[in-house]
Amino acid sequence: MNWLLVIAGAMVGAPLRYLTDRAVQSRHDTVFPWGTFTVNVAGSLLLGLITGAATAGAASTHTQLLLGTGLCGALTTYSTFSYETLRLAENGDRFFAAANVAAGVAAGLGAAFTGAALAHAIWA
Amino acid sequence: MAGHGRGPDPVPNEPVDPDVDLHIPAQRDELRRRHAPVVAAVSLGGGIGAAARYGASLLWPTQAGTFPWTTLLVNVTGCALIGLFMVVLTELDSAHRLLRPFFGTGVLGGFTTFSTYATDIQRLIEEGSPRTALVYLGLTVAGAVAAVWTAASLTRRALAWRQR
């Protein structure tokens, strides 16, 4: 059951990342990988909210596995994040490569804190 | 590539975005063509990748308040694999068009996770372990970038050596 919940969540999260990436890219013609940035920030916000809800006793283990480990885990990605950073650096966009890491980590952390604070405001 | 303010690309033809790079003509087709098979391949791969990550978390569980080694190793391993995979994919003349969406976007994207990384740091800070949080933050970024760079460089070198 637990495995099925993780897999079901991920089978929605991964294509959601792909479709978001495509939609964002077709609207912005820049070298900066805004698509991956968007899903990583959104997923961190949602996981912060879910983890906070679980701490407050408002989210079951099943919810955590389906939406947290499965959906948020697959919606966000570290492999694409690091590969994009490498390609930006190799293309001579050293500034964008460094900015991608700094902005990605800062915004992801901010989102996780915001999600946790929201959960605290709602359920605690 | 031209007109985007990029310098000369020492390794042309490799996309910047491994999920889908609309600057690459072949991948731009994914906007026009019926993309249900691509979405299905990403979904299937994502399920497999996430199951592998969940399995790792059961094999090597992380106690609350301690250093999240399992997530760090999962993310660094996934970064090494995508560096290897994307270079091999560029060299393959006849790669199946669903191979990148399935393995790169799906399996590796589902295996690695950014949200767990971010919330682990947030929890470590709120639970009173800011030093562990900071080391984890830095080690993951450094490990991920080093892994993808090393894997891509070694693979390019190995392929160039084979072609000589």
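**Close-up views of a predicted model**

**View 1. A mostly helical stretch of chain B.** In this predicted model, residues 101–118 of chain B are 83% helix and 0% strand, and the C-alpha atoms at the two ends sit 25 Å apart. The UniProt annotation, from an unreviewed entry, labels this stretch a "transmembrane region".

**View 2. Residues 133–154 of chain B, helix from end to end.** Here the chain is 100% helix, with 0% strand. From one end C-alpha atom to the other it's 31 Å. This stretch also carries the "transmembrane region" label in the unreviewed UniProt entry, as do residues 36–55 and 67–89 of chain B.

**View 3. The largest pocket, lined by both chains.** Its volume comes to about 890 Å³. Chain A gives two or more lining residues from each of α2 (34–55) and α3 (61–75), while chain B does so from α2 (36–59), α3 (69–91) and α5 (115–126).

**View 4. Looking at the pocket lining.** Of the 30 residues lining the largest pocket, the ones nearest its centre are Thr69(A), Thr62(B), Thr71(B), Thr116(B) and Asp120(B). Sort the lining by type and you get 15 polar, 11 nonpolar and 4 charged residues.

**View 5. Two cysteines that don't pair up.** How many disulfides are there over all chains? The count is 0. Take Cys72(A): its closest cysteine sulfur is in Cys79(B), but that's 19 Å away, so the gap is too far for a bond. A disulfide would need the two sulfur atoms within 2.5 Å. Both residues are tucked away, too: Cys72(A) is buried at 0% relative accessible area, and Cys79(B) is likewise buried at 0%.

Terms used: Residues are numbered from 1 along each chain as its sequence is written. Chains are lettered from A and ligands numbered from 1 in the order in which they are written. This is a predicted model: local features need pLDDT of at least 70, side-chain atom pairs count only at pLDDT 80 or more; totals for chains, interfaces and linings use all residues. Side-chain values use heavy atoms; hydrogens and water are left out. On a 1 Å grid over the protein atoms alone, a cavity is a set of points where a 1.4 Å probe fits but cannot get out, and a pocket is an open set with protein on both sides within 12 Å along at least five of seven lines; lining residues have an atom within 4 Å of a point. Grid points are joined across faces, edges and corners, and a volume is the space filled by probe spheres set on the points. Helices (H or I, at least four residues) and strands (E, at least two) are DSSP runs, numbered from the N terminus. Ala, Val, Leu, Ile, Met, Phe, Trp, Tyr, Cys and Pro count as nonpolar, Asp, Glu, Lys and Arg as charged, and the others, Gly among them, as polar. UniProt positions are given in the numbering used here, feature names are shortened, and annotations may be inferred rather than shown by experiment. Buried means under 20% relative accessible area, exposed over 50%, partly exposed in between (1.4 Å probe, protein chains only).
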